[in-house]
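Here are my notes on the charged pairs and one of the sheets. Have the model open while you go through them.

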Amino acid sequence: MENSATAPAKDQIVDVRSVVEAVAAAGDDADIDTPLYEVESLCMRCGENGVTRFLLTLIPHFRKILLSAFECPHCGERNNEVQFAGEIQPRGCCYSLGIQAGDRKMLDRTVVKSESATIKIPELDFEIPPEAQSGSLSTVEGILVRAADGLEALQDERKKVDPKTAEAIDQFLVKLRACATSDSSFTFILDDPAGNSFIENPCAPSPDPLLTIKFYERTPEQQKALGYVVDPSHEVSGGGVSEEGTNNIPEQLQNEPHGAVGAKAGRRAIAQGNSTEIAEALFRYTAPEEVMVFPSTCGACAARCECRMFITNIPYFREVIVMASACDACGYRNSELKPGGSISDKGKKITVLVENVKDLSRDVIKSDSAGVSIPELDLELASGTLGGVVTTVEGLVTKISESLERVHGFTFGDSLEEDKKAKWLDFRARLSKLLSLESPWTLIIDDALSNSFVAPVTDDMKDDKQLTFEEYERSWEQNEELGLNDMDTSVADAAYSSADTAATEKN
């Protein structure tokens, strides 16, 4: 009796309300070591009472998750579930893993499936919707076996009611179990609009040729499925612009585009100044063009917001379009930089030798079509990784480190093998040394569309010996990936030619 009286609190059966309050308090403080909670709950198989255990934990460099496991001592029923205690990510993610027949190790890859994720196998025309399987921490094999067991559970009843359907399902189960035992090749696709799912990459930090990761903007339907509701004050009827919130703004300012006041002030400052140096400094990275405003939709909560855009010229580079939006409903902000003008005839490879602090402060424009590599680390990021960013060399390295640690969620977890963990620790230490400049290193940005740029540290680019630009002819494969092989501009070319001819004849 004395032992039971002194048992730890985590072994006691508590009510659900106390568990929710404790988990919520622990979720606000990551430093709290949360205990294991046990709640008596009903078994849906035998009707007796079982025990559900809850544990709030943090997967290093991934997410806070709430693990729940149920076990019934009467009938042996067991199940587990993973729920995410953190926030929904700004963008959705889609993992595609190509599994070859006979490769059993591919089936052992760890998979984190959130409650909003969909699993697809195109070869079988098979899809597991979010409601079919709750959030789980499993493997590729475990998910397929669980799906096969779920389909097979009611086969006896189906054979009595609909023998043809039951026979078709039996034939499908043979194919599905062949995939689960690695007897046939297939593609495993994990699509999560919330961005909280994950497939392990054993080759990390190097890219896995069999695993591709894509991030995308959610559709309004996906936003609604995740529980986002558009603020009624932002809803506009008849396609017009809401007048709420504009009554206190002077009519003169309402008629002027956002940013026009600042542009006019800039022009007045130039007119009042007699020095050309003032104008050159002001125009170096900006232009006095008015900012254009057009309606848009928030990528986080789907509320209506404004997107501001203006065009500017960057010295030694090209004309670019800067776009920025901010949502008053949820506070989400987003900025994007896109190249202006025509598509370049050649690709561009930028090489920077980083030796001092000035090199780390260089401005960097990396487009979403550019790949990044650092030969000293044997690190190579495919085009599209990180998206398009405007940052510095130091900021780019920091974003690379954060992206690798976020995508490869089990980098330093307890489930990682010691040799892989040592490999990751060594790579992270080497990545950190880049910013401490213990030795010179090389940053290479390869952009097939020539839309990336690294600023020189000298007034004349020719005097910067540590920065080199190399143009090259794109391969057929690169043009095919960019969609340039099928692009037909003959109609537009003929129209421009006729317009030029008419203008010449008129003159």
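1. First, the term: a salt bridge here is a side-chain nitrogen of Lys or Arg within 4 Å of a carboxyl oxygen of Asp or Glu. D149 and R177 make one, with 3.0 Å from N to O. D149 lies in helix α4 and R177 in helix α6 (residues 163-180), so this contact ties together parts 28 residues apart in sequence. Helices (H or I, at least four residues) and strands (E, at least two) are DSSP runs, numbered from the N terminus.

2. Before going further, keep in mind that this is a predicted model, where local features need pLDDT of at least 70 and side-chain atom pairs count only at pLDDT 80 or more, while totals for chains, interfaces and linings use all residues. Residues are numbered from 1 along each chain as its sequence is written, and side-chain values use heavy atoms, with hydrogens and water left out.

3. Are D149 and R177 buried or exposed? Neither, as it turns out: D149 has 41% relative accessibility and counts as partly exposed, and R177, at 29%, is partly exposed too. The cut-offs are under 20% relative accessible area for buried and over 50% for exposed, with partly exposed in between (1.4 Å probe, protein chains only).

4. Helix α4 turns up again with E141, which forms a salt bridge with R104; their closest N and O atoms are 3.5 Å apart. E141 sits in α4 (residues 140-152) and R104 in helix α3 (residues 104-107), so the pair links distant parts of the chain, 37 residues apart. E141 is partly exposed at 23% relative accessibility, and R104 is partly exposed at 40%.

5. How many salt bridges are there in the whole structure? The search finds 13. One of them pairs R308 with E306, with 3.4 Å between the closest N and O atoms. R308 has a relative accessible area of 26%, which makes it partly exposed, and E306 is partly exposed at 40%. Elsewhere, E38, R53 and E71 are joined into one network by salt bridges that share partners.

6. Now the sheet. Four strands, in the order β13-β14-β15-β16, form an open sheet with antiparallel pairing; two strands pair if DSSP finds at least two bridges between them. At the edges are β13 (292-297) and β16 (333-339), each pairing on one side only.

7. Look at β13 and β14 (residues 304-313): they run antiparallel and are joined by 6 bridges. M292, for example, has M309 in β14 as its bridge partner.
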